[in-house]
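Good morning, and thank you for making room on the agenda. I would like to introduce a structure that is new to this group, and I ask that you keep it in view while I speak.

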Amino acid sequence: EAANKELEAFSYSVSHDLRAPLRAVTGFAQILQRRHRALLPDEGQRYLDNIVTASERMARLIDDLLEYSRLGRKALRFSTVSLAEVMRHLAQDFAPRLAEEGGRLEIAPDMPEVRGDATLLGRLFSNLVDNALAYRKPDEPASVRIDWQAAGAGIEVRVRDEGIGIAPEHHAKIFDVFQ
(Lines give C-alpha, C1' and ligand atoms only; values in the text may rest on other atoms or scores of the structure.)
Protein backbone atom coordinates (compact mmCIF):
# COMPACT_ATOMS: atom_id res chain seq x y z
CA GLU A 1 0.00 0.00 0.00
CA ALA A 2 2.83 2.40 0.87
CA ALA A 3 4.61 1.61 -2.39
CA ASN A 4 1.39 2.23 -4.34
CA LYS A 5 0.91 5.57 -2.60
CA GLU A 6 4.51 6.56 -3.35
CA LEU A 7 4.10 5.55 -7.00
CA GLU A 8 0.88 7.51 -7.26
CA ALA A 9 2.43 10.60 -5.65
CA PHE A 10 5.48 10.32 -7.90
CA SER A 11 3.34 9.85 -11.02
CA TYR A 12 1.13 12.79 -10.15
CA SER A 13 4.14 15.01 -9.48
CA VAL A 14 5.90 13.98 -12.68
CA SER A 15 2.80 14.35 -14.80
CA HIS A 16 1.99 17.73 -13.28
CA ASP A 17 5.56 19.00 -13.69
CA LEU A 18 5.72 17.76 -17.29
CA ARG A 19 2.31 18.98 -18.43
CA ALA A 20 2.99 22.73 -18.08
CA PRO A 21 6.11 22.86 -20.29
CA LEU A 22 4.58 20.34 -22.67
CA ARG A 23 1.47 22.50 -23.06
CA ALA A 24 3.73 25.45 -23.86
CA VAL A 25 5.70 23.53 -26.50
CA THR A 26 2.52 22.12 -28.04
CA GLY A 27 0.75 25.47 -27.96
CA PHE A 28 3.58 27.39 -29.60
CA ALA A 29 4.10 24.67 -32.22
CA GLN A 30 0.38 24.73 -33.07
CA ILE A 31 0.48 28.54 -33.36
CA LEU A 32 3.43 28.22 -35.74
CA GLN A 33 1.51 25.63 -37.75
CA ARG A 34 -1.58 27.84 -38.04
CA ARG A 35 0.11 31.16 -38.69
CA HIS A 36 3.45 30.46 -40.35
CA ARG A 37 3.46 26.94 -41.81
CA ALA A 38 3.12 28.18 -45.39
CA LEU A 39 6.20 30.38 -44.95
CA LEU A 40 8.42 27.45 -44.03
CA PRO A 41 10.28 25.32 -46.57
CA ASP A 42 9.22 21.67 -46.87
CA GLU A 43 11.92 20.54 -44.46
CA GLY A 44 10.82 23.11 -41.86
CA GLN A 45 7.20 22.00 -42.24
CA ARG A 46 8.23 18.37 -41.62
CA TYR A 47 10.18 19.39 -38.50
CA LEU A 48 7.23 21.37 -37.20
CA ASP A 49 4.87 18.45 -37.88
CA ASN A 50 7.30 16.17 -36.01
CA ILE A 51 7.29 18.52 -33.00
CA VAL A 52 3.48 18.54 -32.85
CA THR A 53 3.26 14.76 -33.28
CA ALA A 54 5.93 14.12 -30.63
CA SER A 55 4.30 16.49 -28.14
CA GLU A 56 0.92 14.77 -28.65
CA ARG A 57 2.59 11.41 -28.05
CA MET A 58 4.26 12.71 -24.89
CA ALA A 59 0.88 13.92 -23.62
CA ARG A 60 -0.50 10.41 -24.15
CA LEU A 61 2.50 8.92 -22.33
CA ILE A 62 1.91 11.22 -19.36
CA ASP A 63 -1.75 10.17 -19.31
CA ASP A 64 -0.68 6.51 -19.46
CA LEU A 65 1.71 7.03 -16.55
CA LEU A 66 -1.08 8.50 -14.45
CA GLU A 67 -3.48 5.74 -15.44
CA TYR A 68 -0.91 3.08 -14.59
CA SER A 69 -0.32 4.57 -11.15
CA ARG A 70 -4.07 4.47 -10.50
CA LEU A 71 -4.39 0.83 -11.53
CA GLY A 72 -2.67 -0.28 -8.35
CA ARG A 73 -5.54 1.17 -6.31
CA LYS A 74 -8.42 -0.07 -8.42
CA ALA A 75 -9.75 -3.57 -8.15
CA LEU A 76 -10.26 -5.30 -11.45
CA ARG A 77 -13.93 -5.56 -12.34
CA PHE A 78 -14.36 -8.83 -14.18
CA SER A 79 -17.60 -9.17 -16.07
CA THR A 80 -18.86 -10.31 -19.43
CA VAL A 81 -17.51 -7.84 -21.97
CA SER A 82 -18.75 -7.50 -25.54
CA LEU A 83 -15.63 -7.21 -27.68
CA ALA A 84 -17.92 -6.01 -30.49
CA GLU A 85 -18.85 -3.03 -28.30
CA VAL A 86 -15.20 -2.41 -27.31
CA MET A 87 -14.28 -2.47 -31.00
CA ARG A 88 -17.15 -0.14 -31.93
CA HIS A 89 -15.78 2.46 -29.50
CA LEU A 90 -12.25 1.83 -30.75
CA ALA A 91 -13.31 2.42 -34.37
CA GLN A 92 -15.12 5.63 -33.41
CA ASP A 93 -12.14 6.93 -31.42
CA PHE A 94 -9.66 6.32 -34.22
CA ALA A 95 -11.90 7.27 -37.18
CA PRO A 96 -10.72 10.91 -37.43
CA ARG A 97 -7.04 9.98 -37.24
CA LEU A 98 -7.43 7.13 -39.73
CA ALA A 99 -9.27 9.42 -42.16
CA GLU A 100 -6.60 12.11 -41.82
CA GLU A 101 -3.73 9.66 -42.34
CA GLY A 102 -5.46 7.52 -44.96
CA GLY A 103 -5.19 4.48 -42.70
CA ARG A 104 -7.49 1.50 -42.41
CA LEU A 105 -8.84 -0.39 -39.40
CA GLU A 106 -10.61 -3.67 -40.17
CA ILE A 107 -12.44 -5.41 -37.34
CA ALA A 108 -14.05 -8.84 -37.62
CA PRO A 109 -17.82 -8.32 -37.48
CA ASP A 110 -18.43 -11.27 -35.17
CA MET A 111 -16.26 -10.35 -32.17
CA PRO A 112 -17.34 -12.50 -29.20
CA GLU A 113 -18.03 -11.79 -25.57
CA VAL A 114 -15.25 -12.48 -23.03
CA ARG A 115 -14.71 -12.29 -19.29
CA GLY A 116 -12.51 -9.37 -18.34
CA ASP A 117 -12.28 -5.76 -17.24
CA ALA A 118 -13.93 -3.61 -19.93
CA THR A 119 -11.79 -0.55 -19.20
CA LEU A 120 -8.51 -2.43 -19.38
CA LEU A 121 -9.52 -4.29 -22.53
CA GLY A 122 -10.45 -1.00 -24.18
CA ARG A 123 -7.12 0.52 -23.17
CA LEU A 124 -5.19 -2.53 -24.38
CA PHE A 125 -6.70 -2.46 -27.86
CA SER A 126 -6.43 1.33 -28.02
CA ASN A 127 -2.70 1.13 -27.24
CA LEU A 128 -2.15 -1.57 -29.85
CA VAL A 129 -3.93 0.41 -32.59
CA ASP A 130 -2.19 3.64 -31.53
CA ASN A 131 1.19 1.90 -31.78
CA ALA A 132 0.30 0.47 -35.19
CA LEU A 133 -0.50 3.99 -36.42
CA ALA A 134 2.54 5.58 -34.79
CA TYR A 135 5.07 2.98 -35.95
CA ARG A 136 4.03 2.41 -39.52
CA LYS A 137 6.33 2.34 -42.51
CA PRO A 138 7.17 5.84 -43.72
CA ASP A 139 4.94 7.10 -46.53
CA GLU A 140 2.58 4.11 -46.22
CA PRO A 141 -0.86 4.41 -44.66
CA ALA A 142 -1.42 2.18 -41.65
CA SER A 143 -3.46 -0.97 -42.06
CA VAL A 144 -4.67 -2.71 -38.90
CA ARG A 145 -6.76 -5.87 -38.74
CA ILE A 146 -8.39 -7.26 -35.59
CA ASP A 147 -9.97 -10.70 -35.63
CA TRP A 148 -10.27 -13.75 -33.42
CA GLN A 149 -10.34 -17.52 -33.41
CA ALA A 150 -11.25 -20.25 -30.97
CA ALA A 151 -8.29 -21.50 -28.93
CA GLY A 152 -9.07 -24.48 -26.72
CA ALA A 153 -11.63 -23.44 -24.13
CA GLY A 154 -11.00 -19.74 -24.83
CA ILE A 155 -10.37 -17.43 -27.73
CA GLU A 156 -7.35 -15.75 -29.26
CA VAL A 157 -7.69 -12.15 -30.40
CA ARG A 158 -5.23 -11.15 -33.11
CA VAL A 159 -4.16 -7.60 -33.90
CA ARG A 160 -2.10 -7.38 -37.08
CA ASP A 161 -0.51 -4.45 -38.82
CA GLU A 162 1.99 -3.77 -41.55
CA GLY A 163 4.20 -1.56 -39.38
CA ILE A 164 7.94 -1.37 -38.99
CA GLY A 165 8.02 -4.28 -36.54
CA ILE A 166 10.00 -4.85 -33.40
CA ALA A 167 13.58 -6.05 -33.45
CA PRO A 168 13.87 -9.65 -32.19
CA GLU A 169 16.14 -8.65 -29.31
CA HIS A 170 13.26 -6.58 -27.87
CA HIS A 171 10.51 -9.23 -28.13
CA ALA A 172 10.98 -10.44 -24.54
CA LYS A 173 10.28 -7.04 -23.03
CA ILE A 174 7.62 -5.48 -25.26
CA PHE A 175 4.87 -6.08 -22.72
CA ASP A 176 6.91 -4.92 -19.72
CA VAL A 177 5.71 -1.67 -18.20
CA PHE A 178 7.05 1.46 -19.95
CA GLN A 179 9.16 -0.53 -22.42
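I shall begin with the chain as a whole and then turn to individual residues and their contacts.

Please bear in mind throughout that this is a predicted model. The chain contains 179 residues, of which 23% are buried. It has 4 helices and 5 strands. Following the sequence from its start, one reads these elements in the order α-α-β-α-β-β-α-β-β. Taken along the principal axes, the box filled by the C-alpha atoms is roughly 60 × 45 × 35 Å.

Let me start with helix 1, which covers residues 2-36 and includes Thr26. Is Thr26 buried or exposed? Its relative accessible area is 13%, and a residue is called buried when that value is under 20%, so Thr26 is buried. The side chain of Thr26 also has a partner: a polar contact of 3.1 Å joins Thr26 to the side chain of Ser55.

I now come to the charged pairs. As a general matter, side chains of opposite charge can pair when their charged atoms come close. How many salt bridges does the count come to? The count comes to 8 salt bridges, and I shall describe three pairs.

The first pair for today is Arg97 with Glu101, a salt bridge in which the closest N and O atoms are 3.3 Å apart. Both residues belong to helix 3, residues 83-101, where they sit 4 residues apart, or about one turn of the helix. Arg97 has a relative accessible area of 21% and is partly exposed. Glu101 is also partly exposed, at 26% relative accessibility.

Next, a salt bridge brings together the side chains of Arg104 and Glu106, with an N to O distance of 3.0 Å. Arg104 is partly exposed, its relative accessible area being 46%, and Glu106 counts as partly exposed at 31%.

For the next pair, please look at Asp147 and Arg158, whose closest N and O atoms are 2.8 Å apart in a salt bridge. Which parts of the chain does this pair tie together? Asp147 lies in strand 4, residues 143-151, and Arg158 lies in strand 5, so the salt bridge links parts that are 11 residues apart in sequence. Asp147 is buried, with a relative accessible area of 8%. Arg158, by contrast, counts as partly exposed, at 23% relative accessibility. Beyond these pairs, there is a network: Arg97, Glu101, Asp130 and Arg136 are joined into one by salt bridges that share partners.

Let us move to the surface, where Asp139, Glu140, Asp161 and Glu162 gather in a patch of negative charge. Two of its members deserve a closer look. Asp139 is found in the loop between helix 4, residues 118-134, and strand 4. With a relative accessible area of 81%, Asp139 is exposed. Its backbone also merits attention. Most residues other than glycine have a negative phi. The phi of Asp139, however, is near 65 degrees, a positive value in a residue that is not glycine. The other member, Glu162, is placed in the segment after strand 5. Glu162 counts as exposed, with 54% relative accessibility.

That segment also brings us to Ile166, which is placed after strand 5, residues 154-161. Which residues make the nonpolar surface patch of about 320 Å²? Ile166, Ile174 and Phe175 make this patch. A residue enters such a patch with over 30% relative accessible area, and Ile166, at 46%, counts as partly exposed.

Ile166 has a further contact, this time through its backbone: the backbone oxygen lies 2.9 Å from a polar atom of the side chain of His171. His171 is likewise placed in the segment after strand 5. At 46% relative accessibility, His171 counts as partly exposed. Finally, consider where His171 stands with respect to Ala3: the two are 168 residues apart along the chain, and their C-alpha atoms are separated by 29 Å.

To close, I would ask you to keep two places in this predicted model in mind. One is the salt bridge between Asp147 and Arg158, and the other is the patch of negative charge that includes Asp139 and Glu162. Thank you for your attention.

Methods
Residues numbered from 1 in each chain as written. Predicted model: local features only at pLDDT ≥ 70, side-chain atom pairs only at ≥ 80, totals over all residues. Heavy atoms only, no water. Helix = DSSP H or I, 4+ residues; strand = E, 2+ residues; numbered from the N terminus. Buried < 20%, exposed > 50% of the residue type's maximum accessible area, 1.4 Å probe, protein only. Polar contact = N/O pair within 3.5 Å; in protein donor to acceptor, adjacent residues only side chain to side chain. Patch = residues over 30% accessible without salt bridge, like charges linked within 9 Å, V, L, I, M, F, W, Y side chains within 5 Å. Areas by Shrake-Rupley, 256 points an atom, 1.4 Å probe, with all protein chains shown as cover. Salt bridge = Lys/Arg side-chain N within 4 Å of Asp/Glu carboxyl O. Lys, Arg positive; Asp, Glu negative; His and termini not counted. Charge placed at Lys NZ, Arg CZ, Asp CG, Glu CD.
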